[in-house]
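This briefing sets out selected features of one protein model with a bound ligand. The points are grouped by topic for reference alongside the coordinates.

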Amino acid sequence: MKVIIVGAGVAGPILAMLLQHKGFSPVIYEAAPSIPSGGGGVQLSPQTFKVLNIVGLAERAIAAGQAQETLEFRSEPSGRVLFSWDIPALIRAETGWPVCHIRRITYVRLLVDAVRERGIEVQFGKKVVRVEQEGEKVRVEFEDGTEDEGDLLVGCDGMSSDVRELVFPPGKEHYTGIIVIGGIARRHPSAVPPTVLQVFGDAAHFLSAPFSPTEIGFQCALPEPRVSSDRWRSIPPTTTQGQAMLMALPQARWGGGPSRMIGEATSAYRHAVSLREPLDTWHEGRVVLVGDSAHPATPHLGQGGNQAAEDAYHLVRLLCRPGHIPLSPPELAAALAEYTAVRVPHAKDVVASSIAEGRVRVLAGPEKCKKRDEALGKSLAEGRWRDVVRRMRGPFEGESEI
Ligand SMILES: Cc1cc2nc3c(=O)[nH]c(=O)nc-3n(C[C@H](O)[C@H](O)[C@H](O)COP(=O)(O)OP(=O)(O)OC[C@H]3O[C@@H](n4cnc5c(N)ncnc54)[C@H](O)[C@@H]3O)c2cc1C
């Protein structure tokens, strides 16, 4: 069965490898001329490693990033450490897999390289502009006038998915009122174990996590009422605009790490956090959605790529489930309906949690911040981290079904 995958971000390459592993023939088409280089880092949690392990790629991904050991929360207004605990190490002990941070471009490159090593075709500069379904085939047309035809089409084309726009109700895109300005800085050698640091301020939040022994990524969240179309837009700190953007951040004056990292940034980006309504149905005939195309979340939970890996696992599991083989039209429809049913509630929960997390990070006013800081310290100490572990356990316990 030939499967056309649209998008070589995170979901597309993972899905391609799983499909090939189960005997399907995937091909990937990506709109960008090469791997898009914007953005900073992504968090990879145990779900991703469980899925990558099916195709022998988990250890390689772990080695390309930085496994974290500690999580520390601080309050900027009070200067207090709210919480410092080896939660990432506990997550590893409970699930068998670490929580890592990695440059997004390093991760996507690793996935695309692995896809190519397995002989799967990836074509760049191929923007899908038309989708047609006829009989038992689905045809795509690209911006350059070329076409291809397959038995199934999977839209892995991210938040502004054209496949969604062409086949499904597009859903309104809206700006959340939060911007994220981030970057990468040199990591100073220190005795501190790899730590995810979060500093909560008044209408400002700072997060940092090392990506490697030599690099650390940081991300500042701020409320910003003006609507902007910036999406992971690179703004080099060597430019006047980049310097002005970084130095205007309130976090650039915060001690204990943030000011140094921001001052020493070697790359920087700006991202206006937008959302699109998640869909209730992710399939239509021979077209199905995976990852951000179906359920974009805000980046505040660090779950976009991890949820995409879970989607890919469940889609392949259900496509090759014994009752669904040989995937005649009714069997295919049943497999895709089950995929939607399994994933929609979970994805909605993650989207809602990511929105709530963003609100907490940009909360304004001394009284509200004081209450928030007290609650944060308590909630983690009282076991909220168990909810985090629960979310990171999926998409299967024990042996993989594929
Ligand atoms: C440039 C970029 C930088 C990012 N940086 C960060 C970051 O720093 N931190 C973070 O948490 N998240 C970041 N994200 C988002 C995060 O990677 C995603 O939430 C997550 O990985 C979900 O993966 P996905 O494969 O569903 O979508 P994505 O990773 O967004 O991949 C979608 C891919 O589809 C391609 N595409 C779009 N339209 C078409 C079309 N018509 N035809 C063919 N291909 C198409 C896109 O070019 C893109 O490569 C970034 C996304 C992008 C695109």
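In this predicted model, Val 128 has Phe 142 in β10 as its bridge partner. The strands concerned, β9 (residues 128-134) and β10 (residues 137-142), run antiparallel and are joined by 6 bridges. Val 128 also takes part in the ligand site, where one of its backbone N or O atoms lies 3.1 Å from a nitrogen atom of the ligand.

**Hairpin**

- Strands β9 and β10 form a hairpin, with 2 residues between them.
- Within the turn, Gly 135 adopts a positive phi of about 60°.

**Ligand site**

- The ligand is surrounded by 27 residues, of which the closest are Glu 30, Gly 40, Arg 104, Asp 162 and Asp 292.
- Arg 104 also appears among the polar contacts: an N or O atom of its side chain is 2.7 Å from an oxygen atom of the ligand.
- A polar backbone atom of Ala 11 is 2.8 Å from an oxygen atom of the ligand.
- On its own, the ligand has 930 Å² of accessible area, and the protein covers 87% of this.
- Two elements, β3 (41-44) and α9 (304-319), give two or more residues to the shell around the ligand.
- Classified by residue type, the shell consists of 10 nonpolar, 10 polar and 7 charged residues.

**Sheet architecture**

- An open sheet of 8 strands, with mixed pairing, follows the order β6-β5-β14-β15-β16-β13-β18-β17.
- At the edges stand β6 (81-85) and β17 (233-234); each has a single partner strand, so one side of each is left without a neighbour in the sheet.
- Strand β5 (residues 70-75) pairs with strand β14 (residues 195-200) in the parallel sense, over 6 bridges.
- In this pairing, Ser 75 stands opposite Phe 200 in β14.

**Helices on the sheet**

- Helix α4 (residues 87-95) packs on the sheet and touches β5 and β6.
- The direction of α4 makes about 35° with that of β6, which is one of the edge strands.
- Helix α7 (residues 240-247) likewise packs on the sheet, where it touches β13 (173-186), β16 (215-223), β17 and β18 (265-276).
- Relative to β18, the direction of α7 makes an angle of about 70°.

Note on methods:
Residues are numbered from 1 along each chain as its sequence is written. This is a predicted model: local features need pLDDT of at least 70, side-chain atom pairs count only at pLDDT 80 or more; totals for chains, interfaces and linings use all residues. Side-chain values use heavy atoms; hydrogens and water are left out. Two strands pair if DSSP finds at least two bridges between them. Helices (H or I, at least four residues) and strands (E, at least two) are DSSP runs, numbered from the N terminus. Contact means heavy atoms within 4.5 Å. Axes are lines fitted to C-alpha atoms, for helices over the stretch in contact, and angles run from 0 to 180 degrees between N-to-C directions. A residue is near a molecule or strand if one of its heavy atoms lies within 4 Å of it. A polar contact is a pair of N or O atoms within 3.5 Å; within protein, one must be able to donate a hydrogen and the other to accept it, and residues adjacent in sequence count only if both atoms are side-chain atoms. Accessible areas come from the Shrake-Rupley method with a 1.4 Å probe; for residues, only the protein chains shown count as cover. Ala, Val, Leu, Ile, Met, Phe, Trp, Tyr, Cys and Pro count as nonpolar, Asp, Glu, Lys and Arg as charged, and the others, Gly among them, as polar.
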